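Me: Please take a close look at one part of this model: the helix packing around the contact between the chains. Keep it brisk, and tell me which residues to pick out on screen.

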Amino acid sequence: MFGAFLPCLRGRLSDMDLMFALLIALAALPSPSDGPVSVAQMPSPSDSNIKLVDPEMIQAMLLDYGYEARIDWSDPDDVVVEGYLDQTQFVVILYGCEAWTACTGLEFATGYDFPQGVDPAHLNDWNRDTRFGAAYLDEQNDPVLTMDMNLAIDGIGRENFRDWLGLWHFLVEDFEAHLDTAPPHRDEEGLVDLAEDDTVYEIGFEGHVHDTLFADHCAHLWACR
Amino acid sequence: MTRFLLTTALISGLAASAQAQNSTIPTFDTGQSQSGQIPTFGTTEPSANQIPTFGTAAAPTPAMGGNVLASDPARVLALVQEAGLVATLTVDGVGDPKIESEVSETPFGIYFYGCTDNTACTNLQFAAGYDLANGITLQAINDWNASKRYAFAYADEEFDPFLNMDVSLDFDGIGPENLKDLIALWRLQVEDFEDHIGW
């Protein structure tokens, strides 16, 4: 099975990453006690699904995966979960909530301040080639990356949810690598954008991200062909 | 490039879009489901209005219980049909499962990804493409992606617009009603996108 897995790796993983990828892949296999029945023939019970979430639940799941996470309650109309991984900060916005409980959707988002903006064609290339994440330019022509998760009604499986958390890490790294070669934004006359920078909002995490290594998620969520 | 800084404008903008989306995108939530009436959009077949809802008195059959996985294309097809769409199961160019369907006379595909030997697939992509005589501007594509969730757009080399929505059905999958909610969302997004691009 790993023959099919390996071609999906995108070349930035260390041997340690690969080892963990294999361990995680093995962990996802049914145990011997499950017998010879394949996963495909065994629909999972949905009563343990992730649904009707609140900020504390999202914070706990981010922490469990290995992200730093905390909740910003400062604006009662705008509660967000802030996450941190490696050197990337992001927010998780909760949708469809009732008084910040029973939320039915999430949006992961992170933004990058480029003094000269980013070429929209460069972003379009990423959107064309990348699945699950979506990128756009804000009003300052700065790039924003988002990933949406629907948790409505009967929600999604717990392991599936965990896979999404790893996917987000993968998307952020891939997007940042893409931004490394981003041409500046130019106006209709071909001039480079010199708009003033935005006011920055810093997430002041102290300490380091938990000591967790992440598998490449190409095998699960990426278009591998 | 200043990395890893979020702007207040970004956060307030996203929150604003959260409010807007909350008011415009219906979810088939408990209140509606308990009535047994699922709201329909566009050209939904009337027969699709009466759908047993998961976890209610109209108990699902054991075969329909549990989460849905991309390794079970027939069940994905059944859920697409339950959501009110005409759909058929076929295969794509490499032999992987593919569901062909349409919204408002626009054909679209649900492609199965992550397959091994054309089976045991792990995720889906809903995809619709439009051949525009004059193409689309990247500004229009960006405006869509800045204001919409779940379904995102890009332009190909001829500046023809495409709309995609990705769904992971790996590991323990997702709830069947959750998938039907996404299908209903896709319908709305396709219709909105066609207005957006002047189709």
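Reply: Contact here means heavy atoms within 4.5 Å. The model is a predicted one.

Start with the pair that joins the chains. Helix α4 of chain A covers residues 120–129, and helix α4 of chain B covers residues 138–147. Two packed helices are described by the angle between their axes and the distance between the axes. The axes of α4(A) and α4(B) come within 10 Å and cross at roughly 60°. The two helices are therefore oblique to each other. Their crossing is left-handed.

Now the side of chain A. α4(A) brings Pro120(A), Ala121(A), Asn124(A) and Asn127(A) to the contact. Across from them, α4(B) offers Leu138(B), Ile141(B) and Asn145(B). By class, this contact holds 4 nonpolar and 3 polar residues, with no charged ones. Pro120(A), Ala121(A), Leu138(B) and Ile141(B) are nonpolar, and the three Asn residues are polar.

Next, follow α4(B) into its own chain. α4(B) also packs with α5(B), at about 150° and with the axes 11 Å apart. Angles over 145 degrees count as roughly antiparallel, so this pair is roughly antiparallel. The crossing of α4(B) and α5(B) is right-handed. Ala140(B), Asp143(B) and Trp144(B) of α4(B) make this contact with Gln189(B), Asp192(B), Phe193(B) and His196(B) of α5(B). The residues divide into 3 nonpolar, 2 polar and 2 charged. The charged ones are Asp143(B) and Asp192(B).

α5(B) has another partner to look at. Helix α3 of chain B, residues 73–82, packs with α5(B) at about 55°, and the axes are 9 Å apart. That makes α3(B) oblique to α5(B). The crossing is right-handed. On the α3(B) side, pick out Arg75(B), Val76(B), Leu79(B), Val80(B) and Glu82(B). On the α5(B) side, pick out Pro176(B), Leu179(B), Lys180(B) and Ile183(B). This contact has 6 nonpolar and 3 charged residues, and no polar ones. Arg75(B), Glu82(B) and Lys180(B) are the charged ones.

α5(B) also leads to the largest cavity. The structure holds 8 cavities of 30 Å³ or more. The largest has about 230 Å³ of space. Its lining counts 23 residues, and Asp148(A), Met149(A), Trp164(A), Tyr150(B) and Asp166(B) lie nearest its centre. The elements giving two or more residues to that lining are β6 (143–150) of chain A, and β6 (151–155), β7 (161–168) and α5 (176–197) of chain B. β6(A) gives the most, with 5 residues. By class, the lining has 13 nonpolar, 6 polar and 4 charged residues.

Technical notes. Residues numbered from 1 in each chain as written. Chains lettered and ligands numbered in written order. Predicted model: local features only at pLDDT ≥ 70, side-chain atom pairs only at ≥ 80, totals over all residues. Heavy atoms only, no water. Axes fitted to C-alpha atoms, helices over the stretch in contact; angles between N-to-C directions. Helix = DSSP H or I, 4+ residues; strand = E, 2+ residues; numbered from the N terminus. Parallel < 35°, antiparallel > 145°, perpendicular 65-115°, else oblique. Left-handed = near helix turned anticlockwise from the far one by under 90°. 1 Å grid on protein atoms, 1.4 Å probe; cavity = no way out; pocket = protein on both sides within 12 Å on 5 of 7 lines; lining within 4 Å. Points joined across faces, edges and corners; volume = space filled by probe spheres on them.
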